[in-house]
Amino acid sequence: MLSKVGMWDFDIFLFDRLTNGNSLVTLLCHLFNTHGLIHHFKLDMVTLHRFLVMVQEDYHSQNPYHNAVHAADVTQAMHCYLKEPKLASFLTPLDIMLGLLAAAAHDVDHPGVNQPFLIKTNHHLANLYQNMSVLENHHWRSTIGMLRESRLLAHLPTEMTQDIEQQLGSLILATDINRQNEFLTRLKAHLHNKDLRLEDVHDRHFMLQIALKCADICNPCRIWEMSKQWSERVCEEFYRQGDLEQKFELEISPLCNQQKDSIPSIQIGFMTYIVEPLFREWARFTGNSTLSENMLSHLAHNKAQWKSLLPKQHRSSSGGSGGGSPDHTDHGTENEEQTVTEDVAP
């Protein structure tokens, strides 16, 4: 299977079964090797393996969605994006290592609930990070803690390790879905002005942020059989949060009510307002590469599949706009977009 790791139809669920639940460790060891990172950064293989086991074990296997298999899936997508001709020729070994590490650790120790839940339950992480990118800050700081504890990069100059830690933070923090419009607007402006200079370290870093954002939400762009599994998993995680909120007599968060919010309506809203706009711009950046066209084709097919599975009473109202969750249909698209932005995306 590892010989096909650069293929978009790579089956991460099968790979996880074949590796006995060690998909993240196995994948990263292979990719670090094939990209020449072990040799370039003079990494110790045993230490690398120990660090990756720490990362993998810090994911919660009981989460239906935010678990180590999701991290492996995002890492495999990131590997595919790093090979895009428009990007690959400019990337340094440091860029590649940062991209793969950020993908692998971007959701580490995810509690299986979203930021609004942590804030309204007065969770210690919400207090620690003052309600700002709470989860993403935690994923980043946890990653830094494991990097330092493992001493994976201890032989590198201090200045370099500090730079790696900061860049990892900037990449992981970019996955905060509340910053979606900020990144999309910047990307559109760059593409419109044709002023991306990938020789420049800052522009390269920005495109690594975009690549990670794409990898994080690429499930709807996978083949239907895999895309459907991910959709069911993320909605199961939402519904579990809704059940928790009901148990604690809190208001049930948007899209977390199993009685009102169907999987098809949640997915159609997510695809329409979050996924499509980002992947259209990514395709523009890649010059409509084979992979980009393939992803957009899967996206259109998967959206049509979910539309055909919509509960009958919502099918007519979804129309061409893609619809949204049933209890938001009378609030207009702007409100719906905001709800989807804050609550649907992982």
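**Entry 1. The annotated binding site**

I began with the UniProt record, an unreviewed entry, which places the feature "binding site" at His66, Asn67, Ala68, Val69, His70, Asp107, Asp216 and Gln267. I note at once that the model I consulted is predicted. The record may rest on inference rather than experiment, and I treat its positions accordingly.

I then asked what UniProt lists for "active site". The unreviewed entry gives His66, a residue that also appears in the binding-site list. I located His66 in the loop between helix 4 and helix 5. Is His66 buried or exposed? His66 counts as buried because its relative accessibility is 4%, and the cut-off for buried is under 20%.

I looked next at His70, another of the listed binding-site residues. His70 has its place in helix 5. Its relative accessibility is 0%, so I recorded His70 as buried. Which residues does His70 contact, leaving aside its neighbours within four places in sequence? I found Tyr65, His106, Asp107, Asp216 and Trp230. Among these contacts, Asp107 and Asp216 are themselves named in the binding-site annotation.

I followed Asp216 to helix 13, which covers residues 201-216. Asp216 is buried as well, with a relative accessible area of 4%.

**Entry 2. Helix 4**

I turned to helix 4, which precedes the loop that holds His66. I checked its length against expectation. Helix 4 has 14 residues, from 45 to 58, and at 1.5 Å a residue these should span 20 Å. The C-alpha atoms at its ends are 20 Å apart, so the expected and computed spans agree.

Which residues of helix 4 are buried? I recorded Thr47, Leu48, Phe51, Leu52, Val55 and Gln56. I considered their spacing with the helical repeat in mind. An α-helix has 3.6 residues a turn, so residues three or four places apart point the same way. I then traced what the buried residues of helix 4 pack against, and found helix 2 (23-34), helix 3 (37-40), helix 5 (68-82), helix 7 (93-105) and helix 10 (134-150).

**Entry 3. Asp95 in helix 7**

Helix 7 is one of the packing partners of helix 4, and I examined one residue in it, Asp95. Asp95 counts as buried because its relative accessibility is 5%. Leaving aside neighbours within four places in sequence, I found Asp95 in contact with Phe90, Arg204 and Leu208.

**Entry 4. Salt bridges**

How many salt bridges does the structure hold? I noted nine, and I examined several of them. Side chains of opposite charge can pair when their charged atoms come close.

I took up the pair Lys120 and Glu245, whose closest N and O atoms are 3.0 Å apart. This pair links distant parts of the chain, for Lys120 is in helix 8 (residues 115-120) and Glu245 is in helix 14 (residues 224-247), 125 residues apart. I compared the burial of the two partners. Lys120 is partly exposed at 36% relative accessibility, whereas Glu245 is buried at 0%.

I moved to Glu165 and Arg148, whose side chains meet in a salt bridge of 2.7 Å, N to O. Glu165 lies in helix 11 (residues 158-173) and Arg148 in helix 10, so the pair ties together parts that are 17 residues apart in sequence. Glu165 counts as buried, at 12% relative accessibility.

I also examined Glu236 and Arg240, which form a salt bridge of 3.0 Å, N to O. Why are these two separated by about one helical turn? Glu236 and Arg240 stand four residues apart in helix 14, which accounts for that separation. Glu236 is partly exposed, with a relative accessible area of 32%, and Arg240 is partly exposed too, at 43%.

**Entry 5. Thr121 and Leu250**

I looked up Thr121 in the loop between helix 8 and helix 9 (124-128). Thr121 counts as partly exposed, at 31% relative accessibility. I found its C-alpha atom separated by 9.0 Å from that of Leu250, although the two residues are 129 residues apart along the chain.

**Entry 6. A nonpolar surface patch**

Finally, I examined the surface. Met1, Leu14 and Leu18 form a nonpolar patch there, with about 260 Å² of accessible area together. I placed Met1 in the segment before helix 1 (12-18). Met1 is partly exposed, at a relative accessible area of 34%.

Notes. Residues numbered from 1 in each chain as written. Predicted model: local features only at pLDDT ≥ 70, side-chain atom pairs only at ≥ 80, totals over all residues. Heavy atoms only, no water. Expected span 1.5 Å × (residues − 1). Buried < 20%, exposed > 50% of the residue type's maximum accessible area, 1.4 Å probe, protein only. Contact = heavy atoms within 4.5 Å. Patch = residues over 30% accessible without salt bridge, like charges linked within 9 Å, V, L, I, M, F, W, Y side chains within 5 Å. Areas by Shrake-Rupley, 256 points an atom, 1.4 Å probe, with all protein chains shown as cover. Salt bridge = Lys/Arg side-chain N within 4 Å of Asp/Glu carboxyl O.
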